[in-house]
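Trainee: Hi, have you got a few minutes to walk through a structure with me? I'd like to ask things as they come up.
Mentor: Sure, put it on the screen and fire away.

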Amino acid sequence: MTGTPFSHSLVQLQRQSQFIGQWTDGLELRATSQSRALSNDELVQKFRRLIIRHSKAQRIGGEVALALPASDCETVLLDMNEADRTLYALHACADGIPKWADVHRETRCEMSDLGRGLRLRREACAHVYSIKAVSGDPNSDWVSLRSPTPGKKRASGCAALAPLVDKPEHRVGSATWAKQTKYAALLADCLALRAKEPEMAVVCFTHYVTVLERLAALLSAAPASAGTQPFQIFKVHAGIGPNQRHKLIKEFQAGPSKQKGPSIFLATYDICAVGVTLTAASRVYLLEPSLDPAQVVHSFVHVASPQSPLDWHTHD
């Protein structure tokens, strides 16, 4: 029996462990999942009775059992423009100081607690902005951006955010969003790669459906230069049904032999847990860092192909 490994909580293994009699009986994983006192090392020791581990040195029938391709990994540090820095600062203020951040006491913070405590900061880094955090108005209406709570930084933040959300079409992905730091960097990279590799295949992972939809709109609108074709966009997230999802994956995997022009597969991290294979890609972008390193490794496993090298870019 095999399955997707858990990333955040042992509860993610509930169905599997019930099936093999280890949830309330055997290893009693239900009780373990409710305990915060168990360290990672202790958890691994508990699992050793059930784990079958494959290593790169292992061979089956003379063939290597596990082989991932050579890859070039690069973390790209992007400098925020002045407007982005102002918006980030306002979101950080709205987050405040989480309870678990008290440096005077030792805490055992769960991944979910960390995610909640840094939620607005992380969203601001992805250009997913909160009107309430910027304007200081609890009504959270874009109209409130016209009359922000007094303060120079709030006035600057409202002036920066208003053009991005003042109309329904702007909230999805107008050309105005193309000036935001991460979107501008990704667009420039994809345009340069298309000029070099007209039939490029790229995968972009993001935590946010909002980011996925904006990028789809921006990339679809990018004009084709001489000798190139428009980007073909594939969008997959948890809200798309399995039949449509597998259809899109199959089309992307077909590659240049079945389709013409450059292709970009936009996906949210959560689809990595539902049997996704995207080995046609030669470049992968992680548009936001993940709090959970296992999530990054998991996305790599679903994209990596033993037959071809892979360029791996993380935008921080």
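Trainee: Let me start with a single residue. Is histidine 127 buried or exposed?
Mentor: Histidine 127 is buried, because its relative accessibility is 3%, and the cut-off for buried is under 20%. Keep in mind as we go that this is a predicted model.

Trainee: Where does histidine 127 lie?
Mentor: Histidine 127 is in the loop between α6 (119–125) and α7 (131–135).

Trainee: And what about the phi of histidine 127?
Mentor: Phi is positive there, about 65°, although histidine 127 is not a glycine.

Trainee: Which other residue that isn't a glycine has a positive phi?
Mentor: Glutamate 28 is one of them, with phi near 50°. Glutamate 28 is also in a loop, between α1 (14–19) and α2 (29–33).

Trainee: How does the accessibility of glutamate 28 come out?
Mentor: Glutamate 28 has a relative accessibility of 44%, so it counts as partly exposed. Histidine 127, by contrast, counts as buried.

Trainee: Let's zoom out. How many helices and strands are in the protein chain?
Mentor: There are 13 helices and eight strands in the protein chain.

Trainee: And what share of the residues is buried?
Mentor: The protein chain has 316 residues, and 38% of them count as buried. The accessible surface is about 17900 Å², with 54% of that area belonging to carbon and sulfur atoms.

Trainee: What about contacts that link distant parts of the sequence?
Mentor: Take the contacts with a separation of 6 or more: 70% of them are between residues 24 or more positions apart.

Trainee: Okay, on to helix packing. Where is threonine 86 found?
Mentor: Threonine 86 is in helix α4, which covers residues 82–95. With a relative accessible area of 15%, threonine 86 is buried.

Trainee: Which residues is threonine 86 in contact with, leaving aside its neighbours within four places in sequence?
Mentor: Those are Lys153, Ser156 and Gly157. Threonine 86 is part of a helix-to-helix contact, in which Ala83, Thr86, Leu87, Ala89 and Leu90 of α4 meet Lys153, Arg154, Ser156, Gly157, Ala160 and Leu161 of α8.

Trainee: How do the residues of that contact of α4 with α8 divide?
Mentor: Six are nonpolar, three are polar and two are charged.

Trainee: And how do the axes of α4 and α8 cross?
Mentor: The axes of α4 and helix α8 (residues 152–165) cross at roughly 120° and come within 9 Å. The two helices are therefore oblique to each other, since angles of 65 to 115 degrees count as roughly perpendicular and those over 145 as roughly antiparallel. The crossing of α4 past α8 is left-handed.

Trainee: What about cysteine 158, where is its place?
Mentor: Cysteine 158 is in helix α8. At 2% relative accessibility, cysteine 158 is buried. Cysteine 158 and threonine 86 are 72 residues apart in sequence, and their C-alpha atoms are 9.6 Å apart in space.

Trainee: Switching to another pair: at what angle do α10 and α11 cross?
Mentor: Roughly 45°, with the axes of α10 (residues 181–196) and α11 (residues 209–221) coming within 11 Å. These two are therefore oblique to each other, and α10 passes α11 in a right-handed crossing.

Trainee: Which residues make that contact?
Mentor: From α10 you have Tyr183, Leu186, Leu187 and Cys190, and from α11 Val211, Arg214, Leu215, Leu218 and Leu219. Eight of the residues in the contact of α10 with α11 are nonpolar, none is polar and one is charged.

Trainee: Last topic, further along the chain. Where is histidine 246 placed?
Mentor: Histidine 246 is in helix α12, residues 242–254. Its relative accessibility is 41%, so histidine 246 counts as partly exposed. The C-alpha atoms of histidine 246 and threonine 277 are separated by 9.6 Å, while the two residues are 31 apart along the chain.

Trainee: And valine 296, which helix is it in?
Mentor: Valine 296 is in helix α13, residues 293–303. At 23% relative accessibility, valine 296 counts as partly exposed. Leucine 286 is 10 residues from valine 296 along the chain, with 8.3 Å between their C-alpha atoms.

Terms used. Residues numbered from 1 in each chain as written. Predicted model: local features only at pLDDT ≥ 70, side-chain atom pairs only at ≥ 80, totals over all residues. Heavy atoms only, no water. Axes fitted to C-alpha atoms, helices over the stretch in contact; angles between N-to-C directions. Helix = DSSP H or I, 4+ residues; strand = E, 2+ residues; numbered from the N terminus. Parallel < 35°, antiparallel > 145°, perpendicular 65-115°, else oblique. Left-handed = near helix turned anticlockwise from the far one by under 90°. Contact = heavy atoms within 4.5 Å. Nonpolar A, V, L, I, M, F, W, Y, C, P; charged D, E, K, R; others polar. Buried < 20%, exposed > 50% of the residue type's maximum accessible area, 1.4 Å probe, protein only. Areas by Shrake-Rupley, 256 points an atom, 1.4 Å probe, with all protein chains shown as cover.
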